[in-house]
Amino acid sequence: MAIVEVRALTKHFDGDVHAVEAVDLATTDGEFLVLLGPSGCGKTTLLRMIAGLEEPTAGDVLIGGNSMAGLPPRARRIAMVFQSYALYPHKTVLQNIVFPLKAAGMAPDERRRQAQWAADLLGIGHLLDRKPRHLSGGERQRAALARALVREPSVFLLDEPLSNLDAKLRATARDDLKLFQRRVGTTTVYVTHDQVEAMGMGDRIVVMDKGRVRQVGTPGDVYRHPADTFVATFLGSPPMNLVRRDDVVVGFRPESFLPKGVADAGAEALTVSFHVHRVEYLGSERHVIGTVEGLGEETRVIAMLPATVSVDVPVERSHEFVVAAGDLRFFDVGSGLRTERQRL
Amino acid sequence: MDLSDTTEVEVARRAARRRRTGARVALYGLVLAFTGMAAFPFVWATITAFKRNQDLYNRANNPFVFNLDPTLEHVDLLLSGTAFPTFARNTLLVGVLVVAITLALSLPAAYSLARLDMPWGGAMGIAIFFVYLIPPSLLFISLSRVVATLRLQDSVWALVVLYPTITVPVSVWLLMGFFKTIPREIEEQATIDGYSRFGAFARILVPLAFPGIVAVVVFAFTLSASEFIYALAFVARTSEKTISIGVPTELVRGDVFFWQSLQAATVMVAVPIALVFNLFLERFITGFTMGAVKG
Ligand SMILES: Nc1ncnc2c1ncn2[C@@H]1O[C@H](COP(=O)(O)OP(=O)(O)OP(=O)(O)O)[C@@H](O)[C@H]1O
Ligand SMILES: [Mg+2]
């Protein structure tokens, strides 16, 4: 078990592709840290630099407090699961799982026992004699995980390990993976571009965009107190509503934007006129889409009403909606960064 | 077709079944025809090898059957009247060594060109391939100086040194293609699993490129066994000749062709090689159809 830390880590490809730009991060011991960001933001590159597969342009990677500069992947005692699983196609599941143990010079009997233990833990104990091409996507993912955990590494690096699975399998695999990580307590860096996965699994989330870290925090933190407009709109579905008003941007989550009188919004609540264009019924909730008037620039926003709110919201009419004062967020127009609370 | 009409569906089903049967019959017919075509020369050569002279040289006789009793006379001439066993031994020696040298040089070269991302790698790969395009009939003149300097004239070792100049460029090119098809992540996974670059190469890339390696072995060995110009130019002593040069020079004396012995030599070389290659064939094909990595 170890702490992974990166300092001013930078990677440029061919001079002008800035894949990762001066990233500073540190995990705590045994933490499940999620790297979250849109496609192409540099998550994989960052992970590969930690693994030692990619030489940083600048900066340093530390594992267990020591710089890993100049050390090849095998010296870093990490286990990595690639997005493609990278199972050895010519080896059986058993041979795949024992492969790292062989490198460590473990005796054949002991290897076999360890592999059986890892395979049973992940529920693929009966598949040991199969070749990867005869496994389903979920089984492959488990085989790759079994190979990663069999030698008790100091760090797990997982690159979108669930992205090849269908939605249902993904949900159960998410549970299993998280439970497993709790049990072994190994520091884990997990890459995903799926915010549900990130929120559900991460002890802390690192939100990245264009090679830079935008915010690091617990799922609650990054959701409730986004550091800037990027994080505000990247997290949440539908995302946070942003309305420009002079030199600030006012933000509020769709679920905090409710018809007046539905909830007790408190004395300082913001009341706005909401012109409704369209209502979508989604079973457990209703999305009300329209424009706010009189707050700032006329902007399209969404209100999300839980099924328990049954007030009628006729379309093409203006209604009074409220946001509790505590649910309002403010961002600077120029930089997009969070600013002081303002009086409206 | 109306799918709600039971008879119509039944008619279509029968038609489909007939077509399938027809396709099977055609396929087997085709395979049999090609097998016959491939095997025919060997059958004819085998029959000829055991024919008496009076049988073979009589134009009234059917060439595909024994008109007189078969004889071992010509096979005996080949095995004890010529240095054929020596030729065979030399060919095997040259073949095995050339295969070994070719693999030893082209595996690392192909790997480097395919994986190390050197800026001049692409140009170098093409340059290597161009070497192959220069015909040996031009090269042997200048190579004779090289052979003389190395004091290898009249020795099988001249061939052991020269044949790789033909086999290595082609093999590098071929193996490069195979290495490029193996996802980089599989190799990276091996380095994460605790192996050095060389360990990953030997334990993961080489087994995955096995079909390519078999192709290189087949190519290098057949070339060594059949090459004629270098063997003719550089080896004149009988005890150092390979089959490809020894058999025609020893069994064609002036304008006399020892047809039966020549045919016997052909069959005795070709059939064992064909059988050995056949052992590889299955690995060769399963290698090509190996499953993809992603789910
Ligand atoms: N070997 C490379 N050479 C040049 N550019 C590269 C290389 N690898 C990655 N990049 C670029 O670096 C940027 C970051 O890529 P990276 O693979 O880290 O993104 P990612 O966040 O993992 O995206 P995804 O979610 O789609 O996997 C991209 O713009 C990509 O095109
Ligand atoms: Mg990626």
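In chain B of this predicted model, contacts that link residues at least 6 apart in sequence are mostly long-range affairs: 71% of them join residues at least 24 apart. The secondary structure of chain B runs to 13 helices and two strands. With a radius of gyration of 26 Å, chain B sits well over the 19 Å that the globule rule gives for 295 residues, so chain B is more spread out than a compact globule. The C-alpha trace of chain B spans about 75 × 65 × 35 Å along its principal axes.

What about the surface of chain B? Its accessible area comes to about 16,700 Å², and carbon and sulfur atoms hold 69% of that. As for burial, 35% of the 295 residues of chain B make the cut. Charge is spread over 23 positive and 19 negative sites in chain B, and the mean positions of the two sets lie 2 Å apart.

Over in chain A, one histidine can be looked at in detail. A:H319 belongs to strand β17, which covers residues 317–323 of chain A. The relative accessibility of A:H319 is 14%, so this residue counts as buried, the cut-off being under 20%. Its side chain reaches the backbone oxygen of A:P314 at 2.9 Å. A:P314 also turns up among the contacts of A:H319 once neighbours within four places in sequence are set aside, together with A:V313. The rest of that list comes from another stretch of chain A, namely A:V272, A:S273, A:F274 and A:V276.

Methods:
Residues are numbered from 1 along each chain as its sequence is written. Chains are lettered from A and ligands numbered from 1 in the order in which they are written. This is a predicted model: local features need pLDDT of at least 70, side-chain atom pairs count only at pLDDT 80 or more; totals for chains, interfaces and linings use all residues. Side-chain values use heavy atoms; hydrogens and water are left out. Helices (H or I, at least four residues) and strands (E, at least two) are DSSP runs, numbered from the N terminus. Buried means under 20% relative accessible area, exposed over 50%, partly exposed in between (1.4 Å probe, protein chains only). A polar contact is a pair of N or O atoms within 3.5 Å; within protein, one must be able to donate a hydrogen and the other to accept it, and residues adjacent in sequence count only if both atoms are side-chain atoms. Contact means heavy atoms within 4.5 Å. The radius of gyration is taken over C-alpha atoms; the globule rule is 2.2 Å times the number of residues to the power 0.38. Accessible areas come from the Shrake-Rupley method with a 1.4 Å probe; for residues, only the protein chains shown count as cover. Lys and Arg count as positive and Asp and Glu as negative; His and the chain ends are not counted. The place of a charge is taken as NZ of Lys, CZ of Arg, CG of Asp or CD of Glu.
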